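Please consider the structure shown below together with its sequence. The paragraphs that follow lead from the interior of the protein to its overall form and then to individual positions.

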Amino acid sequence: MAVTPHARRTYLPDDERRGVALCLSGGGFRAALFHLGAVRRLYELGVLDEVRTIAATSGGTMLAAFLAQRCDVWRRRGLRAADWERHISAPFRSIASRNINTIPILTGWLPWNWMNNAGLEAMADACEERAVTRQTTATLPIDPQFVFIATDLVSGAGFAFGRGNPTARRVALAVAVSSCYPGFFRPFTESSPERIALVDGGVHDDRAIESVWRNHRYLLISDGGDALRPQWGESILWSLFRSAAVLWNQLQVVQKRWLISSFISRQLDGTYWSIESSPVHYPEALGGPSGYSPALARDVIAAIRTDYDAFSDAEASVLENHGYFMADAAARAHLPALPLRPEPLRVPHPAWMSEAAVRAALQGSARKRFLGRF
């Protein structure tokens, strides 16, 4: 089949792709903690040093902003496991141990705030107070680049926050806007220089792929997003909300099918790992501890709620462990062209490798609470 110039420009990656892009999906603190473990292992393997762009949406922006704030720490080679734990992992788990969005959501729905951005500004303030980030887009690192994705309801396209924005904005506001889940937060609106109405980046691209797939040589996709599960209801509201969920899920399935098929056909290079998968699905990468079983990953870990509520030590530790093992298996199985350091696996939280203990500790982790876990 002949490929027209228009088709090549629109549907195929560029011929001159450069560098490595790391994509951090949405999924609230659940995804962010899963990504935390993945990034930890990518650093040990030396892959994080090769990353040219970190693109993130929704929950992934929380960790991306945190990493951008501390870029001078982890960009240094030779950071020991204890140093990574002290400077990166432990502080971020502390952030995720407290509810961060209930007060901002309530603030945004006060009658006198219905026509402004007060709720999202309050969310940004909370991110700064919790030391997620205190940067502006103008002070973000140059290498790697950081891109925070939101969705513009006016144009129906993605909206990227980063160093390239003509107006410097608080990175914390970019995180809040990218996490602006419809129905909980009102859209972030502006009318100058052009009208925009921004909501959660996951509405447009929950895996943060669209901004990087065409011009990067390797794509590393960490997917901590939601998966559709069987559900039953009889009301008209259930059918409406369920239809929207099915539609959104099908978009995710189609994108994943395109992504994996592109890797297999070598139109794209890179690797993908998901919170609902298990390292045993990468038999060519096994050689040490194999991580959690498929049943535990699918039925327990991937069922943890996707919000910005307080996460327990057990929830955070299990998610970090799972991301660590998944990134290791995916990198060793599908990144043969990248030089991987022969670093042994150092499980972040060995005490949480018992599957019986994990099942017991994570009972009730799937349930969201109306006012949060304060």
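The largest nonpolar core of this predicted model comprises 88 residues, and Leu 22 and Trp 273 are those with the most contacts inside it. A nonpolar core here is a set of buried Ala, Val, Leu, Ile, Met, Phe, Trp, Tyr and Cys residues joined through side-chain atoms within 4.5 Å. Buried denotes a relative accessible area under 20%, exposed one over 50%, and partly exposed the range in between, with a 1.4 Å probe and protein chains only. Leu 22 touches Val 39, Leu 42, Leu 48, Val 51, Thr 53, Ile 54, Ala 55, Leu 220 and Trp 273, with residues up to four places away in sequence left out; a contact requires heavy atoms within 4.5 Å. A second, separate core has 15 residues, among them Ala 55, Ile 149, Val 212 and Phe 263. In soluble globular proteins, nonpolar side chains tend to be buried together.

Two conventions apply throughout. Residues are numbered from 1 along each chain as its sequence is written, and side-chain values use heavy atoms, with hydrogens and water left out. Because the model is predicted, local features need pLDDT of at least 70 and side-chain atom pairs count only at pLDDT 80 or more, whereas totals for chains, interfaces and linings use all residues.

The protein contains 13 helices and 8 strands; these are DSSP runs numbered from the N terminus, helices being H or I over at least four residues and strands E over at least two. Its radius of gyration is 20 Å, close to the 21 Å that the globule rule gives for 374 residues, so the protein is as compact as a globular protein of that length. The radius is taken over C-alpha atoms, and the rule is 2.2 Å times the number of residues to the power 0.38. Along the principal axes, the C-alpha trace spans about 60 × 55 × 45 Å. Of the 374 residues, 53% count as buried. Among contacts with a separation of 6 or more, 77% come from residues 24 or more positions apart.

Helix α3 illustrates the interior. Of its 11 residues, 10 are buried, so α3 is largely enclosed by the rest of the structure. The buried residues include Gly 59, Met 62, Leu 63, Phe 66 and Leu 67. Gly 59 is also touched by Gly 28, a residue of helix α2 (residues 28–45). Gly 28 is itself buried, with a relative accessible area of 7%, and its other contacts beyond four places in sequence are Thr 306, Asp 307 and Tyr 308.

Ser 58 lies in the loop between β2 (51–57) and α3 (59–69). Its phi is positive, about 50°, although Ser 58 is not a glycine, and the residue is buried at 6% relative accessible area. A second case is Ala 131, whose phi is near 70°. Ala 131 is found in the loop between α7 and β3 and is partly exposed, with a relative accessible area of 24%. The loop between α7 (118–129) and β3 (145–152) also holds Pro 144, and the peptide bond from Asp 143 to Pro 144 is cis, with omega near 0°. Most residues other than glycine have a negative phi, and most peptide bonds are trans.

Three further positions complete the tour. Arg 217 occupies the loop between α9 (202–205) and β7 (218–223) and counts as partly exposed at 31% relative accessibility. Beyond its neighbours within four places in sequence, Arg 217 is in contact with Arg 17, Arg 18, Gly 19 and Asp 269. Ser 262, in helix α10 (residues 236–264), is buried with a relative accessible area of 3%. With residues up to four places away in sequence not counted, Ser 262 touches Gln 267 and Leu 268. Met 353 is situated in the loop between α12 (313–334) and α13 (355–361) and is partly exposed at 24% relative accessibility. Outside its neighbours within four places in sequence, Met 353 is in contact with Gly 291, Tyr 292, Asn 321, Phe 325 and Val 347. Met 353 and Arg 369 are 16 residues apart in sequence, and their C-alpha atoms are 27 Å apart in space.
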